[in-house]
Each structure stands twice: as structure tokens, then as C-alpha cells.
Amino acid sequence: MDSAEIEQCFEVALGLVKEAGQVVREAIKKQKTIETKSCNVDLVTESDKAVEKLLIEGLAKAFPSHKFIGEESTAAGAKCVLTHDPTWIIDPIDGTMNFVHSLPYTCVSVGLWAGKEALVGIIFNPILDQMFIAKKGQGAYLNGERIRVSGQKDLSQALIFAEMGTSRDPEKVKTVLTNLTTLMPRAHGVRGMGSAALGIASIAAGWGDAYYHLSLHCWDTAAASLLVVEAGGFVCDSAGGPFDLMRRRVLCASSPELAQEVAGLLTQYQPTPDGDLMG
Ligand code: IPD
């Protein structure tokens with residue numbers, strides 16, 4: 001895609017994400033209709049579904065040849081396969097558990113990938129009015145202001161974001177707890193905020209120094225990983241190798257040095273990759 005096409009994609013997506021944000025802003029104040037998906041803490045609400053529909057219908061109308069991967073479409077049985085074709089990867093409400101509890105740390109996340117690389121990333125927390133955007137090679141921005149990672153290299157001075165994720169597979173839970181026990185005494189602090197996209201965006205904004213997750217999905221990282229790269233940060237697999245969007249493991253850091261140190265300390269876990277799991 002050339003830069004004019006990318007710009008057009010960005011503008012259309014930005015308008016739709018703002019509309020989606022309005023839906024989330026209204027819905028968070030109201031009673032939610034909640035269903036469970038893979039387990040009793042993997043939640044979906046009518047708003048997740050409504051927002052995904054709004055985004056996919058709007059983008060498909062503007063870009064009929066483009067493909068889609070959406071969290072709720074995948075849960076409903078759609079294929080979750082990333083090809084080289086332009087593909088919109090959507091988490092309509094990231095931090096659904098927070099949204100259900102009216103905790104204002106939740107967002108809409110939309111990434112555009114083509115040729116298996118990220119071109120556009122938009123993450124919007126409509127409750128706190130935080131709009132994070134990135135376009136490949138053009139930097140990362142929060143509400144129009146350029147953002148950059150902290151540059152921190154020293155784990156003892158680093159604020160680390162880590163999360164449990166939604167599955168309660170005993171091996172994964174054990175790995176998560178082992179990693180917390182390893183990192184807590186070595187880092188400045190460890191936080192788990194309940195939205196992968198916002199957690200990773202926080203690394204891009206320099207509000208924390210590293211984020212890792214051993215069982216998220218492509219829609220959690222499709223936009224956020226671009227933000228970190230465009231903010232001058234480092235994105236890799238949780239073991240330190242190349243980042244693979246579909247492999248469900250990520251480590252984002254303010255510097256390669258910090259990423260390698262954290263990767264070396266983590267006990268690893270490999271969930272079923274996205275494409276194999278669904279579709
Ligand atoms: C979840 C959130 C959470 C992360 C989970 C994700 P969802 O996304 O990002 O922070 O730990 O792994 O599934 O389900 O709220 O869109």
C-alpha cells in the first residue's frame with residue numbers, strides 16, 4: 001500500500017473508532033448484558049458485539065477487498081488467519097472485564113496490517129479521552145502529541161506491566177505466578193491493568209518500561225505493537241526472539257537491553273497460536 005492509501009485507511013478508521021468510542025462511553029454507564037466465552041472470566045457484552053459490527057461494516061464499505069480479524073467474529077466461528085492481504089485486526093472493547101465493572105480503563109483497538117506488517121494502529125480510551133495513533137514510519141501520538149518510550153535499560157528502575165490473561169489453564173496460571181515472583185523483587189514495580197492494548201500503549205507513552213503477556217491474542221497487539229515501535233521501543237516474543245503476531249506472546253520494552261533482561265528471566269508458556277486455535 002502506498003502512503004496515500006495508508007492515509008485514507010487511517011482517516012476512515014479514525015472516524016469509525018471515534019463513533020465506536022461514543023458507543024462505549026454511553027454503554028459503560030449502563031447495565032450490561034454479559035455472556036461468557038472460553039471460560040467463566042472470558043466475557044463478552046452486547047457492546048463488544050455492537051462495536052465490532054460498527055467497525056467491520058464501516059471499514060468493509062470503504063475497503064471492500066480488505067480482510068478482517070475481529071475478536072468477537074472469531075469467537076463466533078470466523079477464521080482467524082493473517083495473510084499478506086490488507087487486514088483490519090479489531091478488538092472492539094479491550095479490557096472487557098474492566099468495562100463490565102465500569103472501570104474506566106478500557107479501549108477500542110484497530111490495527112491495519114498488510115504484507116504481514118503493521119501499517120496503522122489506533123487505540124482509543126473514550127472514557128479518559130485518550131486517542132493513541134501510529135502510522136508506519138511516522139511516529140506515535142497521544143491526542144496529537146508525539147510520544148516516546150522512556151528509554152529505561154535498568155530493570156531495578158523499571159515499572160513492568162504483566163497480566164494473567166483470561167484462561168485459567170493451571171500450567172499458565174503457575175507460569176504467571178512464577179514470573180511475578182521472579183520479577184517483583186528485581187523491578188521498581190509490577191502492575192496488571194486489565195487491558196493489553198492500553199498496557200502496551202502505556203509503554204509507548206513512557207508511563208512504564210516493559211509489558212509482557214504469554215497468552216493474549218492478535219487483536220490485543222495488532223495496533224499496540226506498532227505504537228511501541230513508532231515510539232522508539234522494542235517489541236519481541238516473550239523469549240526474546242522475533243515478534244509473531246499470531247503466536248500469542250509479546251514483550252514490549254523501552255529498550256532492547258531491558259527486553260532481553262526480562263526475556264531471560266521469564267519462564268515461558270506457549271498457548272495454541274491464534275490461527276491454529278480458531279479457523
Ligand atoms: C483481554 C485484556 C486483558 C488481557 C487478556 C485479554 P479482552 O482482552 O486485554 O488485559 O490480559 O489476555 O484477552 O478480552 O478484554 O478484549
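Helices (H or I, at least four residues) and strands (E, at least two) are DSSP runs, numbered from the N terminus. The model is predicted, with local features requiring pLDDT of at least 70, side-chain atom pairs counted only at pLDDT 80 or more, and totals for chains, interfaces and linings using all residues. Residues are numbered from 1 along each chain as its sequence is written, and side-chain values use heavy atoms, with hydrogens and water left out.

**View 1. Annotated residues Glu71, Asp91 and Asp94.** An unreviewed UniProt entry places the feature "binding site" at these three residues; UniProt positions follow the numbering used here, feature names are shortened, and annotations may be inferred rather than shown by experiment. They are spread over 24 residues of sequence but cluster in space, the largest C-alpha distance being 9.4 Å. Glutamate 71 is in helix α3 (residues 71-75), and aspartate 91 is in strand β4 (residues 87-94).

**View 2. Surroundings of glutamate 71 and aspartate 91.** Glutamate 71 counts as buried because its relative accessibility is 12% (buried means under 20% relative accessible area, exposed over 50%, partly exposed in between; 1.4 Å probe, protein chains only). Aspartate 91 is also buried, at 0%. Residues up to four places away in sequence aside, glutamate 71 contacts Lys37, Glu52, Ile90, Asp91, Pro92, Ile93 and Trp219, where contact means heavy atoms within 4.5 Å. With the same exclusion, the contacts of aspartate 91 are Glu71, Cys107, Val108, Ser109, Trp219 and Asp220.

**View 3. Annotated residues Ile93 and Asp220.** The unreviewed UniProt entry also gives the feature "binding site" at Ile93 and Asp220. Though spread over 128 residues of sequence, they cluster in space, with a largest C-alpha distance of 9.8 Å. Isoleucine 93 lies in strand β4 and is buried, with a relative accessible area of 1%. Aspartate 220 lies in helix α7 (residues 218-221) and is buried at 9%. Beyond four places in sequence, aspartate 220 touches Asp91, Asp94, Ala196, Ala197 and Ile200.

**View 4. The ligand and its polar contacts.** The ligand is surrounded by 13 residues, the closest being Asp94, Gly95, Thr96, Glu163 and Ala196 (a residue is near a molecule if one of its heavy atoms lies within 4 Å of it). A polar contact with the ligand is a pair of N or O atoms within 3.5 Å. Oxygen atoms of the ligand lie 2.9 Å from a polar side-chain atom of aspartate 91, 3.2 Å from a polar backbone atom of isoleucine 93 and 2.9 Å from a side-chain N or O atom of histidine 213.

Methods:
Polar contact = N/O pair within 3.5 Å; in protein donor to acceptor, adjacent residues only side chain to side chain.
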